[in-house]
Amino acid sequence: MNSRYKTLPKSFKLQHILSKSNQTLTKSFASSSTPPSSSLPHPNELTELLHATRSPKCLGRLHALLAVAGAVSRDTSAVTALVEAYLTSGSPGSAASVFAGAHRARPTVYALNLAVRCFSAHGFHRELLDLYRRARAFCGSDNFTFPPVIKACTAVGCLRLGREVHCRVLRAGHGDNVGVQTALLDMYAKAGWIGASRTVFDCMAQRDPVSWNAMISGYSLNGCFPEAVEAMQEMQQDGIRANASTLVALVGVCSAVGNLEAGDSLLAFAMKCGVLADESLGPSFISMYAAFENLYSSRLLFDLQPAKDLASYNSMISAYMQHDKWEESFEVFRLMRRAGLGPNLVTVVSVLPTCSDFFGVNLGDSVHGMVIKFGLAEQLSVVSALVSMYSKLGELDSAVRLFCSCTEKSGLLWNSMISGYLVNSKWDMALDTFCRMQTEGVAPDATTVVKVISGCRHIKDLRMAKSIHAYAVRNRFELNQSVMNALLAMYADCGELSNSCKLFQKMEVRMLISWNTIISGYAEIGETEASVRLFCQMRQSGLQFDVVTLIGLISGISVPEDAIIGESLHSLAVKSGCNADVSLANTLITMYSNCGSVEACQRLFDSLSSRNTVSYNVLMTGYRKNNLSEEIVPLFHQMVKNEQEPNHITLLNLLPVCQSQSQGKSVHCYAIRNFFGLETSVITSAICMYSRFTNVDYSCKLFNSVGEKNIIVWNCILSAFVQCRLADNAFDFFRQMRFLNVKPDAVTMLALLSACSQIGNADLAGCVTALILQNGFSGTLNVVNALIDMHSRCGSISFARELFDSSVAKDSVTWSAMINSYTLHGDGKSALDLLSMMIGSGIEPDDITFVSILSACSHSGLVDQARALFKSLQIDYGITPRMEHYACMVDLLGRTGHLDEAYDIVRSMPFRPSESLLESLLGACRFHGNSKIGEAVGKLLIDSCQSKSRSYVMLSNIYASAGKWNDYEWLRLNMEAKGLRKDVGISSIE
C-alpha cells in the first residue's frame, strides 16, 4: 500500500465524515440561511484527505465541503491541495478553475508559484502556459516562477513564447539565477538551438551539477557526442564530480549516434565511480544495449542487479517490447509479480501493448482485471492504454464503453479514442471525436492535431485538411515540428504539393524529417529533378541525410530515363554506409526493376547479407513488370527454403503467373494452410486465376466466401464471367449487385460492355449505353473507347462513328478502336482515311493501330496500301513487327495470290511463325493450286505441331490436288504410324 495512506489517522473515515457533514448541512439549511460551518470537519482534515483520495466523485464532495468551510477563498494550502488533487485525477481544467476562483483579486507570486509547480509536476504544460498568461497581468514573477514556465515552453515546443519569457527574465533582473539559466539552456537545446544554449551556459557566473548535466544532455540530444564528452571533462576540471545524471545523458547519446564502444566505456566508468547501482543509471544502460539490439547484455545487466526496483523491471520490459519480443516481455512482468512488486502506471502502459500485438483479447482482459485489483483503473493514463489495446484488438465497442465510462476525460484519453477509430479505419468517427473533444472543453494538444491530420491524409479530404491547418495556426501549433511535418505530409498526400512547399518555406526550423517529407512528396509524383534539387539544398544547409532521405529519393525513380540518377544515389548510399539497410536495398531493387534493369536487381538481391519477405516480394514484382514470370515460382521456392514467411503480396505475385490450374490450386491451398484469413485482394486474384482456366465454379465459390463484398470483388467476378464467355451470367450478377445498392464504377461498365460485345445484341447495347450516361461515365475515355468497340460489334457502325466524333479527348486507343470497327465491317477505305486523320491530328499510331489497319487492308484486298504501311511500321515509327503484323500481311498476300511474296515474308521472320499463320498460307496455296509453296509450308507446319492431325490432312489434300499420290500415300502412312486420326466432321444443323 502507498505510504501516504499509512500516515492517515484512523479517525479519517471519508464516508463517515461526508455523511455526517451532509446531515448537518441539511438540518442547518432548513433552519437558517447561515451555513453551519462550526459543525463541519476542520479544513486541515479535509486538506489531508485531498492527498489520499483518488476518486473523482469523492474529490468533488471534498471540494464542496472546503468551499462551504470558506477555505477555498482564504487558505492557500487548501487551494494548492485542491489544485494538485484535480491534476492528479487528470482534470487540469478543474484545477485552473479552482485557482482562478480563489484568486479573483490580485494573486500573490507565492500562490502563482505553487500553482505552476503543480501543473508542471503533473505534465500539464499547455494548461500551465494558459494559467501563466492570465496571471502575469495581475502579479509579477520571480526566480521560482520562470523555471516551470520555461520548462512548459520546452515541452509544448513553443520556442517563440520561450524567447518572450527569456526577454521577460532579463527585464525583471533574474538573468543571473542558476535555476532560470539552466531552464533556458535546456529549452534552447531541446529546440535544436545548441549554439544559443551554449551562449546561456557561458554567461553563467556559477554552475552547479544540474547546469553541467543540462548542458551535457543538450549536446547529447543534438547528437554532439564529442562536445558532450568535452563538457564532462570541463566539469571535472571545475571540481564537480560526474554523477549518475551526467552519465544518463551520455548513455542516451551513445544510443543516438550508434557508438557501442563509447557505451561500453561509460559502463566501465560507472562501475569505477560506483554509481552503477543508481536507480536511474542501471535502467539507462539496459535501454542503451537494447537500442544496439544487444538484448543479451541488457538481460545480463538486469540479472546482475542485486536489488531490482520497479524501474529496472520496466526498462527490461520496454527493451523486449522494442524488439517485438512479446513473450519475453510478459515473462519479465511475471518475474516482477513473483518478486512481490506491484505494477505502476509505466508497467501497465508497457505491458498492455503485448496483449494487443501478440497474446490477444483474453490476456488483455486478465491484465485489465489486474489493473482494477491494484486500484489503477481510474488513472486516465491506464484507461487510455486500455482503450488503445481494445482498439488494436478490433474490440472497438469495448474501447468506446471504457471511454464513455470516464466522467473526466483528459487529452490523452481523447487521443487514444481518436487513434482507436483511426486504427479501425473509422476516419469520419475520428474527426467527429476531435470536434466533440473541443465542444466538451478539452483543448487538443499537438498529438491530437497530428492524429487528426493523419485521418485527413487517409480520406484525402482537402477541405477538412485546410480546416485543421487553420485550427493549428489559430492555436499556435505552427511552431510545433511534429504538427508542421504532419501538415507537410497531408498536403502532399492530398495532391496539394504547392501548399506543402509554401508551408515548408515558412518553417523557422527545418529538421531532417521536414526535408524528408517534402523530398518524398516530390518523388512520389515523379518530380525527380525537384526532389534531387531539394536534396542538394538540404546538403548545402549542413544537414546530414539518413536512410529515409535516400529511400524517399530513390522511390520516385520509375522510368529508364532517370536510371543514371538512381545509380548515383546508389553510389552515395554505398559511400555513406547506408547500403547495408535492407529497406534501402529493397527500394533499390524496385528502382532498378522499374528502369528495366533486371540483371541489376538480381545482382543486388544476391549481394544482400540479410533478406526479408519484402526483398523477395520486390524481386518477384520486378520479374512480373519485365515479363519474366517464369522466374517467380522458383524464387518462391527459394523463399520458403530460406525460412522467409510469404505474405499476401507474395501470393498476389504468384497467382497471376500460374501456368496451369493445378499449379494455381497448389498456391491457393498453400495460402489456406498458412494464413489465418485470406485478404480480399488475394481472393480476387484467385478468382481471376481460376477464370483464366475457365473454372467458373471455383471463381463463384471464392466470390461467395467473401463477407462484405466491395465493388472490386463484384468487378472481379463480372470480369471472370466475361473471360469465360458467359455474358448472360455477368448481367445476372450485375442485377444482384444493383439490388444490393453497390454503386458501379468505370471498371464495372467496361466489364458490361465486353459482355454486351460477346452477345452482339443491339437493344442490350442501347441499355448499357443509357446506364453509362445515367451514372456519369460518358466522359471517361476508357469507357468511350469500349463503347465504340461494342456498338461496332453489335452492327451499329454509324453510332460508333457518332460516339467517336463527339469524343472531345481522343488517344491512340480511341483511334484504333474506330479503325478496328471499320475493319470488322470490311470497310478498308474508311479505315485508311481515319488513319490519315489520326496522323494529321498529331497522334502517332502504335503497334495495335497497325494490326487493325493491316487487318482492314487484308479484308478489303488493298495490297499496295498494306505494303506501304508495313514498310512505314519500322522506318517511320520505329515499331518492331510482331507476329500479328506478319500474320496480317501473309493473310493479305495469300488471299490475293501473291504466294511467293507471302512465303518470302515467312522465311524472313525473326522468330518461328505461328501455327495459325502457316495454316492461313497453306489454305491460300491450296486455293490457288500452288503445290510447291504449299508443300514447303506444310512441312514447316508439321515440324512445328507434329501432334495435330489437321496439318497432315491439309498437306495431303494439296498433294491430292496436284496429283502427287505417292507423296499423299506416304503422308497418310506416316500419319497412321504416329497414331493420328482425322477429326470427325460434325454439323450444327439438327
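This is a short tour of one protein chain, moving from the whole fold to its cysteines and then to a few charged pairs.

**The whole chain**

Begin with everything displayed, and keep in mind that what you are looking at is a predicted model. Colour the protein chain by secondary structure, and you should find 59 helices and zero strands. If you then colour by accessibility, buried residues make up 47% of the 990 residues in the chain. With the surface switched on, the protein chain exposes about 48,300 Å², of which carbon and sulfur atoms supply 52%. Should your viewer draw contacts, consider those with a separation of 6 or more: residues 24 or more positions apart account for 60% of them.

**The cysteines**

Next, select the cysteines, bearing in mind that a search of the whole structure finds zero disulfides. C406 is in no disulfide, and the nearest cysteine sulfur, that of C404, lies 9.1 Å away. C406 is buried, with a relative accessible area of 12%. Moving along to C658, you come to another buried residue, here with a relative accessible area of 3%.

**The charged pairs**

Side chains of opposite charge can pair when their charged atoms come close. In the whole structure, a search finds 18 salt bridges, and three of the stops below are among them.

Select R198 and E234 for the first of these stops; they form a salt bridge in which the closest N and O atoms are 3.5 Å apart. This pair links distant parts of the chain, since R198 belongs to helix α13 (residues 194-202) and E234 to helix α15 (residues 225-237), 36 residues apart. E234 counts as partly exposed, at 24% relative accessibility.

Now go to helix α19 (residues 295-304), which holds both R299 and D303, four residues apart, or about one turn of the helix. Their side chains meet in a salt bridge, at 3.1 Å from N to O. R299 counts as partly exposed at 23% relative accessibility, and D303 also counts as partly exposed, at 42%.

For the next pair, select D864 and R867, which form a salt bridge whose closest N and O atoms are 3.4 Å apart. Because D864 and R867 are three residues apart in helix α53 (residues 863-875), about one helical turn separates them. D864 is exposed, with a relative accessible area of 54%, whereas R867 counts as partly exposed, at 30% relative accessibility.

Finally, return to R198 and add D202 to the selection together with E234: salt bridges that share partners join R198, D202 and E234 into one network.

How values were computed:
Residues numbered from 1 in each chain as written. Predicted model: local features only at pLDDT ≥ 70, side-chain atom pairs only at ≥ 80, totals over all residues. Heavy atoms only, no water. Helix = DSSP H or I, 4+ residues; strand = E, 2+ residues; numbered from the N terminus. Buried < 20%, exposed > 50% of the residue type's maximum accessible area, 1.4 Å probe, protein only. Contact = heavy atoms within 4.5 Å. Areas by Shrake-Rupley, 256 points an atom, 1.4 Å probe, with all protein chains shown as cover. Disulfide = S-S within 2.5 Å. Salt bridge = Lys/Arg side-chain N within 4 Å of Asp/Glu carboxyl O.
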